[in-house]
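I opened the notebook with a short list of things to look up. The entries are in the order in which I checked them.

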Amino acid sequence: MNLKFVAVLLFLVVVLGVMFIYLKPIYRFREGLCDSSEGRLKYPQPSITHGRTDVVSVTPWLAPVVWEGTFYPVLLDSIYQKRNITVAATVFAVGKYIRFLKDFLETAEQHFFVGFRVKVYVFTDQPNEVPKVKMAAGRELVVRSVPNSKRWQEISARRMEIIQTLIEETLKNDVDYIFCLDVDSKFHSRWGTESLGELVAVIHPGYYKDDRSKFPYERRPASRAYVAPGEGDFYYCGGAFGGVLAEVHQLAQTCRKNFEDDAKEGIEAAWQEESHLNRYMWLNKPSKVLSPEYLWQDFKARNSEVRVIRFSGVIKNYNEIRPN
Ligand code: UDP
Ligand code: MN
């Protein structure tokens with residue numbers, strides 16, 4: 001036999017062997033390992049010396065920061081299945097933003113709390129234009145009418161008020177968790193039980209490597225969204241937040257009041273309710289922090305620490321879709 005051929009064959013065997021040894025644990029980790037022979041789950045021993053070392057996975061106040069590779073989906077799902085939870089999602093599609101709704105809803109069916117009871121609340125000024133998306137068993141779409149506004153800042157700001165009222169009037173008794181999400185985005189990968197917590201915030205993908213002095217917090221002390229120099233933990237997204245009903249109610253009520261009191265004095269915070277949310281999260285630390293995997297932006301190249309993009313804002317032409 002040709003010596004070269006044997007050498008190539010040997011090389012291939014070694015490469016495949018290394019790949020098998022290296023990739024198998026990763027695969028097992030991602031999928032979780034399910035062995036229900038005695039009704040118990042089996043999964044790899046929790047690691048103490050390995051895991052993600054390229055990202056921070058816990059905050060200084062000991063809240064988890066959720067990154068791919070820091071949790072076992074199957075294990076988490078089994079814990080929450082037993083609790084028989086219901087998760088609500090709110091999404092606003094007012095004016096031209098109705099065009100984003102179909103993709104949002106369809107991809108939510110594929111990735112958002114699959115296998116759990118989910119109620120998606122759509123708030124729109126065009127209820128007849130809401131696409132008919134087939135929902136799986138146990139999942140429900142609820143459409144509510146809201147008026148349009150002349151200014152996009154108002155549409156965006158009124159969300160807090162509507163979320164507050166929804167929690168008070170409708171959700172109180174039959175929902176456990178709520179997530180409030182921007183419509184101009186799509187799901188690409190799992191967003192599930194790993195994201196659950198009392199108060200949940202998502203780190204903004206645009207600033208997570210920056211010093212806090214660069215965060216676009218509201219910097220005028222006259223505003224109720226003010227964050228002083230040297231203050232602030234992360235810069236969080238206005239486009240996704242959540243938690244248990246009581247916590248999200250408190251957040252929505254506070255942000256709404258601060259926004260309105262600012263408005264009475266002729267002040268509008270730099271990034272409207274996102275600024276108020278950031279101030280709120282600084283004073284009331286989130287119990288779970290989601291990495292930028294949970295709200296990436298399609299125009300941004302993916303950074304190496306981001307192994308999975310779960311939810312991402314689509315590219316849009318602001319001049320074309322915003323009323324003013
Ligand atoms: N929105 C809407 N109609 C508008 C403006 C905003 O329905 O005319 C809602 C929509 O859910 C959107 C959210 O408010 O996702 C926040 O606005 P936008 O996404 O434009 O803010 P950005 O993510 O660009 O900061
Ligand atoms: Mn958005």
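The entries below cover confidence, a metal site, a side-chain contact and a surface patch.

Entry 1, confidence. I noted before anything else that this is a predicted model. I looked up the mean pLDDT of the protein and found 92, with 93% of its residues at 70 or more. I then asked where in the protein confidence is lowest and where it is highest. The lowest mean, 70, belongs to α1, and the highest, 99, to strand β7 (residues 199-203). I reminded myself that predicted coordinates should not be read in detail where pLDDT is low.

Entry 2, metal site. Which residues give the protein donors of the manganese ion (ligand 2)? I found Asp182 through OD, and Asp184, which is listed twice, also through OD. These donors lie 2.1 to 2.5 Å from the ion. I also checked whether each residue is buried or partly exposed. Asp182 is partly exposed, at a relative accessible area of 21%. Asp184 has 8% relative accessibility and counts as buried, because that is under 20%.

Entry 3, side-chain contact. I located Glu68 in the loop that runs between β1 (65-66) and α2 (73-83). Its relative accessibility is 11%, so I put Glu68 down as buried. The side chain of Glu68 makes a polar contact of 2.9 Å with the side chain of Arg310.

Entry 4, surface patch. I found a nonpolar surface patch of about 560 Å², made by Val8, Phe11, Leu12, Val15, Leu16 and Met19. I followed up Leu12, which lies in helix α1 (residues 3-31). Leu12 is partly exposed, with 45% relative accessibility. I added a caution here, since α1 is where confidence is lowest, at a mean of 70.

Terms used: Residues numbered from 1 in each chain as written. Chains lettered and ligands numbered in written order. Predicted model: local features only at pLDDT ≥ 70, side-chain atom pairs only at ≥ 80, totals over all residues. Heavy atoms only, no water. Donors = N, O, S within 2.8 Å, 3.2 Å for Na, K, Ca; no water. Buried < 20%, exposed > 50% of the residue type's maximum accessible area, 1.4 Å probe, protein only. Patch = residues over 30% accessible without salt bridge, like charges linked within 9 Å, V, L, I, M, F, W, Y side chains within 5 Å. Areas by Shrake-Rupley, 256 points an atom, 1.4 Å probe, with all protein chains shown as cover. Salt bridge = Lys/Arg side-chain N within 4 Å of Asp/Glu carboxyl O. Helix = DSSP H or I, 4+ residues; strand = E, 2+ residues; numbered from the N terminus. Polar contact = N/O pair within 3.5 Å; in protein donor to acceptor, adjacent residues only side chain to side chain. pLDDT = per-residue confidence, 0-100.
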